[in-house]
Amino acid sequence: MNGDEACSLLGYSEQELLVMNVDELVPAKYRFGHENKRQKYIKSPSNRNMLSSPRSVFAEHKDGSQIPVEIRLNTIKTRYGDRILVSLRDFTEHNELVKTLEFALEKNKSLNQEVSIDPLTELKNRRFFEEAAIREFAQSKRHNLELSIAMIDIDYFKKVNDSFGHAVGDYALKLVSSELKKYIRAGDTLARIGGEEFAILLPSTSLPAAEILLERIRVSINELQFTNNTPETITISIGLTNLYKSDDNYQELLKRADEALYKAKDEGRNKVITRFNNESDK
């Protein structure tokens, strides 16, 4: 920073700056003991960026305001003894840019969460589920890992809405969603993909293990307790399938799981049906 820039930054004339002590540019709350720190620095000099520490560094303007600055110190030898050469850089624009970027990143994060969450149940939505299914399908095929997918539907849900009203229907959806969450591990994906339809993606989970888990879920939902003026019980039907070597894409798994779900409904509901691939090899 040259003389004109220093004058512009700090609000002093060049003549004023030439006769001032550097301590006078330090904000009052940091000024105490600053001279001793300078002397210690002269005795053990090293180039350093004052903003390398987490706390901000400020210079004090002539009008008393504080200016964020980057400061570099170097010791030089003169005929009058050791002196400290101070280099200042205005950090105002830099700080504003950082704040703007942080705000933009936080806003983008919030928007991403909004577009991937079902607002009623606070579960992931269909869009998120399909993206996760594509990713997990590719991962499982590449590394020859197990992958199970389940489709879940609340039985006779239309009757719940017709008999008790949509507010009770929403309450039932939230209650079922909350119960489903209890069985989801880190790495699994649970989503609401339609009105009363849910889907669960179970990476690294064999078909027998998935069947045990989903049977527990079915029983747990059947045992849920409701308040007055609501249905006494709610049941779910579940269709389940697993990844086979012959599967070319995740849609094939979803189709089989959906077929298994409809079979569960045709066979009386409130049950888990597993749909196998026509191929016997995995």
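A contact here means heavy atoms within 4.5 Å. Keep that cut-off in mind for the first stop. The model on screen is predicted.

**Stop 1: Ile154**

Select Ile154. Which residues does Ile154 touch, leaving aside neighbours within four places in sequence? The contacts are Leu173, Val176, Glu196, Phe198, Ile234, Thr235, Ile236 and Lys265.

Now widen the selection to the largest nonpolar core, which has 25 residues. Ile154 is among those with the most contacts inside this core, along with Phe198 and Ile217. Colour the elements that give two or more residues to the core: S5, H8, strand S7 (197-203), helix H9 (207-222) and strand S8 (236-242). Helix H9 supplies the largest share, 6 residues. Another core lies apart from this one. That second core has 17 residues, among them Ala133, Ala191, Tyr250 and Leu254. As background, nonpolar side chains in soluble globular proteins tend to be buried together.

**Stop 2: helix H7**

Select residues 157-164, which form helix H7. Show side chains. Phe157, Val160 and Asn161 are the buried residues of this helix. They sit on the same side of H7, because they cover an arc of only 95° around the axis. Turn to the other side of H7, where Lys158, Lys159, Asp162 and Ser163 are exposed.

What do the buried residues of H7 pack against? They pack against strand S5 (147-154) and helix H8 (166-181). Then step to Gly165, which follows H7. The phi of Gly165 is positive, near 100°.

**Stop 3: pairs along helix H6**

Move to helix H6, residues 126-143. Select Arg126 and Glu130, which form a salt bridge with their closest N and O atoms 3.5 Å apart. The two are separated by about one helical turn, because they lie 4 residues apart in H6. Arg126 counts as partly exposed at 39% relative accessibility. Glu130 is also partly exposed, at 26%.

Next, select Arg127 and Glu131. Their closest N and O atoms are 3.6 Å apart, and they too form a salt bridge. Again the spacing is 4 residues within H6, or about one helical turn. Glu131 is partly exposed at 42% relative accessibility. In general, an α-helix has 3.6 residues a turn, so residues three or four places apart point the same way.

**Stop 4: Arg275 and Glu259**

Select Arg275 and Glu259. This salt bridge has its closest N and O atoms 3.0 Å apart. Where do the partners lie? Arg275 is in the segment after strand S9 (272-274), and Glu259 is in helix H10 (residues 250-266), so the pair ties together parts that are 16 residues apart in sequence. Arg275 is partly exposed, with a relative accessible area of 29%. Glu259 is partly exposed as well, at 32%.

Salt bridges that share partners also join Asp153, Asp155, Lys265 and Arg269 into one network. Select these four together. Lys265 should be familiar from Stop 1, being one of the contacts of Ile154.

**Stop 5: the whole chain**

Zoom out and show the cartoon. The protein chain has 10 helices and 9 strands. Of its 282 residues, 38% count as buried. Among contacts with a separation of 6 or more, 60% come from residues 24 or more positions apart. Switch to the surface view. The chain exposes about 17200 Å², and carbon and sulfur atoms supply 50% of that. Finally, display the salt bridges: the structure holds 12.

Terms used:
Residues are numbered from 1 along each chain as its sequence is written. This is a predicted model: local features need pLDDT of at least 70, side-chain atom pairs count only at pLDDT 80 or more; totals for chains, interfaces and linings use all residues. Side-chain values use heavy atoms; hydrogens and water are left out. Buried means under 20% relative accessible area, exposed over 50%, partly exposed in between (1.4 Å probe, protein chains only). Accessible areas come from the Shrake-Rupley method with a 1.4 Å probe; for residues, only the protein chains shown count as cover. A salt bridge is a side-chain nitrogen of Lys or Arg within 4 Å of a carboxyl oxygen of Asp or Glu. The arc is that of the directions from the helix axis to the C-beta atoms. A nonpolar core is a set of buried Ala, Val, Leu, Ile, Met, Phe, Trp, Tyr and Cys residues joined through side-chain atoms within 4.5 Å.
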